[in-house]
Amino acid sequence: MRSLWFSVLICAAMFIACGDDDSDFVTRPSDDSSSSVTPKSSDSETSVFSSSSVTLATPCKTETEDNCEYGELVDDRDGQTYKTVKIGDQWWMAENLNYETDVNYCYNDDTTNCTKYGRFYAWWTALTACPNGWHLPDTTEWKKLFTVVGDSSTVGLKLKSASGWNSSGNGTDDFGFSALSAGYRYSN
C-alpha cells in the first residue's frame, strides 16, 4: 500500500506494506513467530505534542538529520529484511513487501522491480501475505497515521519518499515512511 497507497486500498492488485499486530512492543519475541522486529535505537526519542484533540508526531527527518525510530523486520519465510519505522505509537514497514506467493506480480513484469518496489498482490493473496505478527492496516489504522502526521492536505507529501516520484513530485519523507511511486496493475 505504499505506491499510490491512498487509492490502492480499493484496487484488485496492490502493493502492500504491513503494520505490526501490537504497536506497543519494543522487541518482537522470536518464539512462535515467523518474523522478528528489533527496533534500532536512535539518537533521540520520537517526541509528540498535544493539540486540543489530537496528539501529533513531531517530524523526525530533515534534509540534514534523521532522528526517526527505525527497526527491522526479518521475514523468516524467505529471510528478507525490511526497514520499519515508528510513527506516533504505530510501527509501519518503511518498504514494500517483497514476499513471493503463488499470485503476485512485479511492476512491468520485471523481477528487478520487485527488489526496489515490492510486489503487487491480488486482494485475497494480500490478506495473508504479511509476515506473522504483521497485518494489512485497516481504515482506522490509516486514519490514525494520517492524523498524527498532521494536516490532511500535506500528509501525502510528508510520507512520500524524498526521491523517485518523477512526474508526481517528490515528498519530504518527514517521518521515514518513504512511500514510493511504483506504478499500478489492472486486474485484467
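Which residue takes a positive phi in the hairpin of S6 and S7? It is Gly79, with a phi near 80°. Keep in mind as you read that this is a predicted model.

## Three strands side by side

Let's begin with that hairpin. Strand S6 covers residues 69-75 and strand S7 covers residues 81-87. The two strands pair in the antiparallel sense, with six bridges between them. To find one of these pairings on screen, look for Gly71, whose bridge partner in S7 is Thr84. Five residues sit between the two strands, and Gly79 belongs to this hairpin.

S7 also pairs with strand S8 (residues 90-93), again in the antiparallel sense, and this time over four bridges. Here Val85 stands opposite Trp92 of S8. S7 and S8 make a hairpin with two residues between them. In its turn you will meet Gly88, which has a positive phi of about 65°.

## A strand covered on both faces

Are the faces of S8 covered or open? Both are covered. Gln90 and Trp92 are buried on one side, while Trp91 and Met93 are buried on the other.

## Salt bridges

Side chains of opposite charge can pair when their charged atoms come close. How many salt bridges does a search of the whole structure find? The search finds four, and we can visit some of them here.

Arg77 forms a salt bridge with Asp75, and their closest N and O atoms are 2.6 Å apart. The two partners sit in different surroundings: Arg77 counts as partly exposed because its relative accessibility is 29%, whereas Asp75 is buried, with a relative accessible area of 0%.

Another salt bridge joins Lys144 to Asp89, with the closest N and O atoms 2.8 Å apart. Lys144 lies in helix H3 (residues 139-149) and Asp89 in the loop between S7 and S8, so this pair ties together parts that are 55 residues apart in sequence. Lys144 counts as partly exposed, at 36% relative accessibility, and Asp89 also counts as partly exposed, at 39%.

Arg119 and Glu100 form a salt bridge too, with their closest N and O atoms 3.8 Å apart. This pair links distant parts of the chain, 19 residues apart. Arg119 is in the loop between helix H1 (111-117) and strand S10 (120-122), and Glu100 is in the loop between S8 and strand S9 (104-105). Arg119 counts as buried because its relative accessibility is 11%, while Glu100, at 56%, counts as exposed.

## A buried lysine without a salt bridge

Now turn to Lys158, which is found in helix H4 (residues 155-159). Lys158 is buried yet has no salt bridge. Why is there none? The nearest side chain of opposite charge, Asp174, is 5.4 Å away, and a salt bridge needs a nitrogen within 4 Å of a carboxyl oxygen, so the pair does not count as one.

What is Lys158 in contact with, leaving aside its neighbours within four places in sequence? Its contacts include Val149, Gly150 and Asp151. Thr172, Asp173, Asp174 and Phe175 are also among them.

## A nonpolar patch on the surface

Our last stop is on the surface, where Trp123, Trp124 and Leu127 form a nonpolar patch. Together these residues have about 380 Å² of accessible area. To locate the patch, look for helix H2 (residues 123-129), where Leu127 is found.

Conventions. Residues are numbered from 1 along each chain as its sequence is written. This is a predicted model: local features need pLDDT of at least 70, side-chain atom pairs count only at pLDDT 80 or more; totals for chains, interfaces and linings use all residues. Side-chain values use heavy atoms; hydrogens and water are left out. Patches are made of residues with over 30% relative accessible area and no salt bridge: like charges are joined within 9 Å, nonpolar side chains (Val, Leu, Ile, Met, Phe, Trp, Tyr) within 5 Å. Accessible areas come from the Shrake-Rupley method with a 1.4 Å probe; for residues, only the protein chains shown count as cover. Two strands pair if DSSP finds at least two bridges between them. Buried means under 20% relative accessible area, exposed over 50%, partly exposed in between (1.4 Å probe, protein chains only). Lys and Arg count as positive and Asp and Glu as negative; His and the chain ends are not counted. Contact means heavy atoms within 4.5 Å.
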